[in-house]
Amino acid sequence: MNPRILFVLSVGLLLALPSAGAPPADEQKKVAAPAPAPALADLPMFDSEAIGEKQIADYQKVCLDSGRRLLIVFGTNECAPCRAFGHALHKGKFFEPFIGQFVPVFVDVSSGTNASLLLRYNINTHAELPGIVILMPDARIIEILAQGEMAALTRKGDDAVQNFFLSRFLKNTE
């Protein structure tokens, strides 16, 4: 299961449970406040146990059904630019319109099997991650960032990453 979904479900479950054996009111002051839950953008994006080819195929079906383009993000949870990329996607109110245009799939390339997908999509294996591939709903590749371009954008800040995608948003023809 996706680590992000698993975390959100477990936090929801914990919040729903009554507190068993709560200390008396006079002792409650001594109990430390619970640590705040991490922001969604700070959770692991990449499932190291997922099979990348299967992830891509499954999400491609969603694209065919929805008419949205597939965004493949190759990276790892330990990659600082990958985390910055995830943060930029979730910053402010950007994520909702972004999801209306793209179906993102985060493929962990820390393992050999998934790492071989970098070669399949012509991503430079020596370039800084994340590697980005954008496909049409019918799986035609329309853009590849294979030489560390997205890592360079993350160093310019969240707005640079968001503007990259905003410039690729399809205009509403209605």
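Helices (H or I, at least four residues) and strands (E, at least two) are DSSP runs, numbered from the N terminus. What you're looking at is a predicted model, where local features need pLDDT of at least 70, side-chain atom pairs count only at pLDDT 80 or more, and totals for chains, interfaces and linings use all residues. Residues are numbered from 1 along each chain as its sequence is written, and side-chain values use heavy atoms, leaving out hydrogens and water.

**View 1. The whole chain, with its 8 helices and 4 strands.** Walk along the sequence and the elements come in the order α-α-α-β-α-α-β-α-β-β-α-α. Of the 174 residues in the protein chain, 39% are buried (under 20% relative accessible area with a 1.4 Å probe, protein chains only; over 50% is exposed, in between is partly exposed). Take the contacts (heavy atoms within 4.5 Å) with a separation of 6 or more: 71% of them join residues 24 or more positions apart.

**View 2. Helix α4 packing against helix α8.** Here α4 covers residues 80–90 and α8 covers residues 158–166. Their axes (lines fitted to C-alpha atoms over the stretch in contact, with angles from 0 to 180 degrees between N-to-C directions) sit 9 Å apart, at an angle of about 70 degrees. That angle is why α4 counts as roughly perpendicular to α8 (65 to 115 degrees; under 35 is roughly parallel, over 145 roughly antiparallel, the rest oblique). On the α4 side, the contact uses A84, F85, H87, A88 and L89. Facing them from α8 are D158, V161, Q162 and F165. Sort the contact residues by type and you get 6 nonpolar, 2 polar and 1 charged (Ala, Val, Leu, Ile, Met, Phe, Trp, Tyr, Cys and Pro are nonpolar, Asp, Glu, Lys and Arg charged, the others, Gly among them, polar).

**View 3. The buried side of the story for α4, and what comes next.** The buried residues of this helix are P81, C82, F85, G86, A88, L89 and H90. F85, A88 and L89, listed there as buried, also turn up in the contact with α8. After α4 comes G92, and its phi is positive, near 60 degrees.

**View 4. A50, in the loop between α2 and α3.** The flanking helices are α2 (25–28) and α3 (52–66). A50 counts as buried because its relative accessibility is 16%. Leaving aside residues up to four places away in sequence, A50 touches Q55 and N114. Look for F106 too: that residue is 56 residues away along the chain, yet its C-alpha lies 9.7 Å from the C-alpha of A50.

**View 5. The loop between α6 and β3, home to N122 and P130.** This loop links α6 (112–120) to β3 (131–135). N122 isn't a glycine, but its phi is positive all the same, at about 60 degrees. With a relative accessible area of 59%, N122 is exposed. Further along, the peptide bond running from L129 to P130 is cis, and its omega is near 5 degrees.

**View 6. A139, in the loop between β3 and β4.** The strand on the far side of this loop, β4, spans 141–145. A139 is another residue other than glycine with a positive phi, this one near 80 degrees. Its relative accessibility is 37%, so A139 counts as partly exposed.
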